[in-house]
Amino acid sequence: MLLLDSATQRRAKMEWSLESVREMVAGGMQSVRECEICAFAIAMCVLLLFMWYCYRVGREHGTSPLRGRYLAGPGRIGGVVGGFMSSDCRGRGKGKHGSLLEEQNGFAFCQSSECFRCTSAGKSLNQRLYHSLQEYAKRYTWSGMGRVHKGVRDQGRYLNSRPTIQRPEVFFLPDLPSAPFFSREVQRHDVELLEQSFPSLLAEFESIYHQPPARSGSSLPPGWKANSTPRGQWWTYYLVNQGTPLVLNVRRCPRAWRVLGQLRTFIANNVFGNACFSVLTPGALITEHYGPTNVRLRCHLGLRVPPSCELVVGGEPQCWSEGSCLLFDDSFLHRAFHDGSPEDGPRVVFMVDLWHPNVAAAERQALDYIFTPGRLEDRDGK
């Protein structure tokens, strides 16, 4: 009897153990299925959060990629940040509303209706700039656009954090090597071509400079513009002004135009590109100012260089030399002066804007597209 009871108990225990194992396995499988459902739900939540984040970032970029860049504030006149005016717009300081040039704390300010920086300034430029980049990427590619996209997206942060010695007014491309002056070797081909063209450029300057005045009451020959200076005279004769050729001036200077066409790095297709003859009379001073961008190097070929003429960029002084090129980054604070006597005659240079050597070909193409003359105009009048 006792043996029977023991056998029955063992069998009951075995049955209970097997049933427990089956239940445990079934429970485990159910837990796994429930975990899969939970994991799927978590993954969906993460995906929705990511899509919401992308939407918010896209809205911020689309409406204000350069937040704070052109807002009114101390040191901002006419929407030009810092207000420092370069040769790109100095010659157009007057309009139908009278003088549009002011000075504050020794720096020149511009509100010209013909200057890209002045007419484009405002919150609406932020949206137009980013939309132009998006149009370019859709038409071509995002490949190689990392720095350009980064620059467009974070202009406000970059420009507000720049030291006062270098502060471009319109566009800053990050991660470019910065220096006030550059060696001629960085653009050797174009520098040598310009220097080889020195005799023909000098002769062409003489031909346009000694023409009779354009009209009665004017002291300037046809095509020349007088720029605002605190003292002395500064005259420019543009072949290309903010990316736009001046047809009449080009016709008078066929040799200079031919030289421009042979340059490999001339900025010919966007608003940052200029080419001109520049004249400083004795006693003249060009007020300290910044250029619009760090993507270019300004090249001066000395045509006539009397004594006591100097260019100061980022606090570093340099002198021009006849027949030689001087390369500098005009996004640094810079000024020029001619302290010679009237007998010395004017200082004359041929000025050309070249690409910064570290701006890649893909970036140049994108910047040409974004800053094509007229592309960023506010057609809605805002």
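These notebook entries record what I looked up on the packing of helix 7 and helix 9, and on burial in the chain.

**Entry 1, basis.** I am working from a predicted model, in which local features need pLDDT of at least 70 and side-chain atom pairs count only at pLDDT 80 or more, while totals for chains, interfaces and linings use all residues. Residues are numbered from 1 along each chain as its sequence is written, and side-chain values use heavy atoms, with hydrogens and water left out.

**Entry 2, the chain.** I looked up the secondary structure and found 10 helices and 16 strands, these being DSSP runs numbered from the N terminus (helices H or I, at least four residues; strands E, at least two). Of the 382 residues, 47% count as buried, where buried means under 20% relative accessible area with a 1.4 Å probe, protein chains only. Among contacts (heavy atoms within 4.5 Å) between residues at least 6 apart in sequence, 74% join residues at least 24 apart.

**Entry 3, helix 7 against helix 9.** I next took helix 7 (residues 198-209) and helix 9 (residues 254-262), whose axes are 8 Å apart and which pack at an angle of about 140 degrees; axes are lines fitted to C-alpha atoms, for helices over the stretch in contact, and angles run from 0 to 180 degrees between N-to-C directions. Helix 7 and helix 9 are therefore oblique to each other, since angles under 35 degrees count as roughly parallel, over 145 as roughly antiparallel, 65 to 115 as roughly perpendicular and the rest as oblique. I noted the contact residues as Ser 200, Leu 201, Ala 203 and Glu 204 from helix 7, with Pro 254, Arg 255 and Ala 256 from helix 9.

**Entry 4, Glu 204.** I then followed Glu 204, which lies in helix 7 and counts as buried because its relative accessibility is 2%. Leaving aside neighbours within four places in sequence, Glu 204 is in contact with Arg 252, Cys 253, Pro 254, Arg 255 and Ala 256.

**Entry 5, the buried face of helix 9.** I found Ala 256, Val 259 and Leu 260 buried in helix 9. Seen down the axis of helix 9, these buried residues fall within an arc of 100 degrees, so they line one face of the helix; the arc is that of the directions from the helix axis to the C-beta atoms. The buried residues of helix 9 pack against helix 6 (188-196), helix 7, strand 7 (234-241), strand 9 (275-280) and strand 16 (347-355).

**Entry 6, helix 10.** I closed with helix 10 (residues 361-370), which is mostly covered, with seven of its 10 residues buried, among them Glu 363, Arg 364 and Asp 368.

How values were computed. Buried means under 20% relative accessible area, exposed over 50%, partly exposed in between (1.4 Å probe, protein chains only).
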